[in-house]
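Colleague: I am new to this structure. Please take a close look at one part of it, the helices and what they pack against, and walk me through it.

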Amino acid sequence: MIISFEGIDGSGKSTQAHRLLHRLANAGYEPLFVREPGGTDVSERIRDLLLDKRNRIDPMAEMLLFSAARAQLVSEEIRPHSRGGGVVICDRFFDSTVAYQGGGRGIADPRWLLDFQETVTGGLVPDRTYYIRVPVDVARERLTHRDSRAGADRMENEDRAFFTRVTEAYDRIAEWAADRVRVIDGARDADAIAKAIWQDVEGLLPERN
């Protein structure tokens with residue numbers, strides 16, 4: 001079983017992904033947590049390239065690098081774990097490329113990118129995707145507070161207009177894939193969000209051996 005978390009930077013998706021990870025572990029499962037880009041030696045090296053704000057990367061090259069990192073992650077980690085009956089939690093998956101490079105960068109039609117990403121993953125699609133949706137200004141305010149400590153990466157440094165386009169693309173994905181995508185109001189209390197997600201996940205989980 002594969003569960004992905006999506007949303008713009010500052011949405012709180014990573015927080016919710018980790019909360020679900022701990023909840024599953026406490027319930028007796030052995031979930032695998034992966035982040036994108038990253039999760040393997042090769043993918044982590046690609047991550048360093050993609051997020052280093054000193055790098056100027058052509059938008060098409062950017063999409064292909066994200067896709068390469070994803071293909072490696074699927075091959076090395078996600079597919080073996082899910083085939084064995086395990087639960088995989090993904091902090092971002094292919095919807096991010098459709099939203100960021102398709103919507104934000106405008107490099108190609110998002111539907112074409114969606115088809116291409118299914119080729120990248122060998123047809124692997126999440127069983128459930130939680131799209132943590134927050135207004136762009138709320139996300140940017142959160143990033144401002146966080147980045148005063150850590151500093152923004154190359155993607156987080158994009159302007160408001162970019163993230164507005166990304167949000168619009170995510171909204172379209174949620175419509176196209178309504179059977180797997182659940183839209184969560186990310187402006188709600190974090191505990192309430194985690195509770196709503198867990199209630200949905202419980203109905204999807206495989207039986208423990």
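Modeller: Two helices count as roughly antiparallel when the angle between them is over 145 degrees. In this predicted model, helix 3 (residues 59-83) and helix 4 (residues 94-104) pack at about 175 degrees, with their axes 10 Å apart. Helix 3 and helix 4 are therefore roughly antiparallel to each other. On the helix 3 side, the contact is made by Pro59, Glu62, Met63, Phe66 and Arg70; on the helix 4 side, by Phe94, Thr97 and Gln101. Sorted by type, the residues of this contact are four nonpolar, two polar and two charged.

Arg70 of helix 3 also leads to Glu36, since the side chains of Glu36 and Arg70 make a polar contact at 2.7 Å. Glu36 lies in the loop between strand 2 and helix 2. Its relative accessibility is 8%, so Glu36 counts as buried, the limit being under 20%. Leaving aside residues up to four places away in sequence, Glu36 touches Arg47, Arg70, Leu73, Asp91, Arg92 and Phe93.

Arg47, one of those neighbours of Glu36, belongs to helix 2 (residues 41-51), where the buried residues are Ser43, Ile46, Arg47, Leu50 and Leu51. These buried residues cover an arc of only 120 degrees around the axis, so they sit on the same side of helix 2. They pack against strand 2 (32-35) and helix 3. The face of helix 2 turned away from this buried side carries Asp41, Arg45 and Asp48, which are exposed.

Key
Residues numbered from 1 in each chain as written. Predicted model: local features only at pLDDT ≥ 70, side-chain atom pairs only at ≥ 80, totals over all residues. Heavy atoms only, no water. Axes fitted to C-alpha atoms, helices over the stretch in contact; angles between N-to-C directions. Helix = DSSP H or I, 4+ residues; strand = E, 2+ residues; numbered from the N terminus. Parallel < 35°, antiparallel > 145°, perpendicular 65-115°, else oblique. Contact = heavy atoms within 4.5 Å. Nonpolar A, V, L, I, M, F, W, Y, C, P; charged D, E, K, R; others polar. Buried < 20%, exposed > 50% of the residue type's maximum accessible area, 1.4 Å probe, protein only. Arc of directions from axis to C-beta. Polar contact = N/O pair within 3.5 Å; in protein donor to acceptor, adjacent residues only side chain to side chain.
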